[in-house]
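Work through the exercises below with the model open beside you. Each task is followed by a solution that goes step by step.

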Amino acid sequence: MCGIVGYIGHRDAWDIVIKGLKRLEYRGYDSAGIALMNGGLKIHKKAGKVSDLEAHTLHEDRSGTTGMGHTRWATHGAPSDRNSHPHRSGDGKLSIIHNGIIENYSVIKEALQAKGHVFSSDTDTEVLIHLIEDIHSDTTDLLEAVRLALNEVIGAYAIVIMSQDSPDQLIAARKGSPMVIGVGEGEYFIASDATPIVEYTKNVIYLKDSQIALVKRDELVVKTIDNIIQTPYIQELSLQLEMLEKGGFEHFMLKEIYEQPRSVRDCMRGRIYPNEGKVQLGGIKDYADKLKNVERIVVIACGTSWHAGLVGEYLIEEYARIPVEVEYASEFRYRNPIISEKDIVIAISQSGETADTMAAIELAKERGATIFGICNVVGSSIPRITDAGVYTHAGPEIGVASTKAFTAQVTVLTLMALYMAQQRGTIKQSDLVSMLTELDEIPSLIEQALKSDEKIAEIAEKFKDSSNCLFLGRGSGFPVALEGALKLKEISYIHAEGYPAAEMKHGPIALIDEDMPVVFIATKNSSYEKVISNIQEVKARKGKVIAIVTEGDKTVKEMVDYTIEIPACNEAYLPLLATIPLQLLSYHIAVLRGCNVDQPRNLAKSVTVE
Ligand code: F6R
């Protein structure tokens, strides 16, 4: 987490850095700060949002053509002015911004304190800049001092360093945390991802792990932290600026919910051929033979991506007949999982940066498994460490609560399940033709599902003051229920639980009374009758029921308090449609409660700490 931006060139650094920080606020937003080279090294920093920093410095001199900034998600030290980045060295001449964690900071801190260093924050980052200062006192070359210091630290970092004595340079380095360098004419841009850069240049370098860069207006030197000079590879961004704007919507989350017909279509483009009954996945085609014979697939992911993994389990087992286990990446390493070179591991991550998922991948790799990635952010860390993978192509997701990334992940998993089924001969060709024909229709059906928005806003009004909520579903309706509950709790702060509908009688039914809203996934599929029984059990105890039903359903309508219709579809595609009204319900409830929908408290989009 945390977002970093740096600039050196001929323009006002402040404008570029502050705008960049606003684009990166999804990575953390509890404090922000900027350092400028402006007749000396000047630092402005403040607890709160980037806009608070902007307001706070309105009357300050913010000129200078070299600068760097940081938006924070606190790890070491509470959000406060003094813990905000940038941090300074003891003599005040060096400054650092940092995304990541220095794990051995306390040992280094003690050693530095013994040498007389005094610290003014509780952060691990301040320790790193003091360490660099300490080494620099014996090593005149600052780049070399940074390189030596990085060889002493354990942990993850993307850092930028400014020096009062070398005002025309920035030093940047990364390990485990992302960093992109934008290449302009006589100027360079540095950021955690490409979003702050795309407005100025399309030419970028993704700095690799353990690389360090000396960045001047007209010169870039990249070497490894082992001191080997590197030739950086410049690539062209496909990202468009409009993708990063709200486009007339009140919130990014709402925009992203409405983008789903497009994002699901983009995800399928060039990958399905309904008339021929063929799925083509270029990213994993070299593993077709392995897929034919694989005996087990393990899915690893966190949060919403884990929910997508659960949907994938239903689909892969149903169509490709391969046993699937879905694991929380955050727990995977903390037992001794049985995993070998025979297994395929699928790691799912919107950001491609989640530290828990990366750590789980490393473990699976050590044990010889073949790793596939399903990621959204092109060029992020997970696609680089996996053997193969399939991008979701949902476009940048800026709202912290994941919406379009989920449906895109489910779409990729659907394509993978059908691709595996095709390779293994576990699906009839005629069935594949009809499945793909129906899948091709899903974007239009999502468009229809979005038409219930107004009705959902009215239902939200009735439930906005609830303190708890249950979400129940069966089969692939269960992961949908989990995802509905997660969306509601993270953006509205209402306590919500997702359960398999049949599990309700084993405990949660005790919670039901006239104040408990219960959202059922009650569409016409193989578990329809059973779900109806569960609805009756809730109604018998005076619970308030909102049911997601298939268009035209009258039976459930007569039983429950509110229904939201979605178009009829093949049961395999239910999660792609049933999730839409749940996203909208959470969105409207959160707006009515006055919550910050795009930046819910305590969260960050890219969770780069374990
Ligand atoms: C929920 C949400 C999180 C993420 C989780 C994993 O709306 O966004 O639960 O799904 O932090 O993130 P990624 O997919 O980037 O690995």
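**Exercise 1. Describe the surroundings of the Arg174 side chain.**

In this predicted model, the side chain of Arg174 makes a polar contact with the side chain of Asp209, at 2.8 Å. The Arg174 side chain also reaches the backbone oxygen of Ser177, at 2.9 Å. Next, place the residue in its element: Arg174 lies in strand 8, which runs over residues 166-175. To judge its exposure, recall that buried means under 20% relative accessible area; Arg174 has 5% relative accessibility and therefore counts as buried. Finally, list its contacts, leaving aside neighbours within four places in sequence: among them are Tyr157, Met179, Leu207, Asp209 and Ser381.

**Exercise 2. Find which residues come nearest to the ligand, and describe the shell they belong to.**

Begin with the shell, which holds 15 residues, of which Ser305, Ser349, Ser351, Thr354 and Glu490 come nearest to the ligand. Then look at single atom pairs: an oxygen atom of the ligand lies 2.4 Å from an N or O atom in the side chain of Thr354, and for the side chain of Ser305 the corresponding distance is 2.6 Å. A polar side-chain atom of Ser351 is likewise 2.6 Å from an oxygen atom of the ligand. On its own the ligand has 400 Å² of accessible area, and the protein covers 89% of that. Sorted by class, the shell consists of five nonpolar, eight polar and two charged residues. As for elements, helix 9 (303-320) and helix 16 (477-492) each supply at least two residues of this shell.

**Exercise 3. Check whether the length of helix 19 agrees with its number of residues, or disagrees.**

Helix 19 covers residues 574-592, which makes 19 residues. At 1.5 Å a residue the helix should span 27 Å, and because its end C-alpha atoms are 28 Å apart, the two values agree. Turning to exposure, 17 of the 19 residues of helix 19 are buried, so that the helix is mostly covered. Just after helix 19, Gly594 takes a positive phi of about 75 degrees.

**Exercise 4. Locate backbone geometry that departs from the usual pattern.**

Start from the general expectation that most residues other than glycine have a negative phi, and that most peptide bonds are trans. Tyr493, in the loop between helix 16 and strand 24, has a positive phi of about 65 degrees although it is not a glycine. Asn602, in the segment after helix 19, also has a positive phi of about 65 degrees. Tyr493 is partly exposed at 27% relative accessibility, whereas Asn602 is exposed at 63%. Lastly, the peptide bond from His85 to Pro86 is cis, with omega near 0 degrees.

Notes:
Residues are numbered from 1 along each chain as its sequence is written. This is a predicted model: local features need pLDDT of at least 70, side-chain atom pairs count only at pLDDT 80 or more; totals for chains, interfaces and linings use all residues. Side-chain values use heavy atoms; hydrogens and water are left out. A residue is near a molecule or strand if one of its heavy atoms lies within 4 Å of it. A polar contact is a pair of N or O atoms within 3.5 Å; within protein, one must be able to donate a hydrogen and the other to accept it, and residues adjacent in sequence count only if both atoms are side-chain atoms. Accessible areas come from the Shrake-Rupley method with a 1.4 Å probe; for residues, only the protein chains shown count as cover. Helices (H or I, at least four residues) and strands (E, at least two) are DSSP runs, numbered from the N terminus. Ala, Val, Leu, Ile, Met, Phe, Trp, Tyr, Cys and Pro count as nonpolar, Asp, Glu, Lys and Arg as charged, and the others, Gly among them, as polar. The expected span of a helix is 1.5 Å times one less than its number of residues. Buried means under 20% relative accessible area, exposed over 50%, partly exposed in between (1.4 Å probe, protein chains only). Contact means heavy atoms within 4.5 Å.
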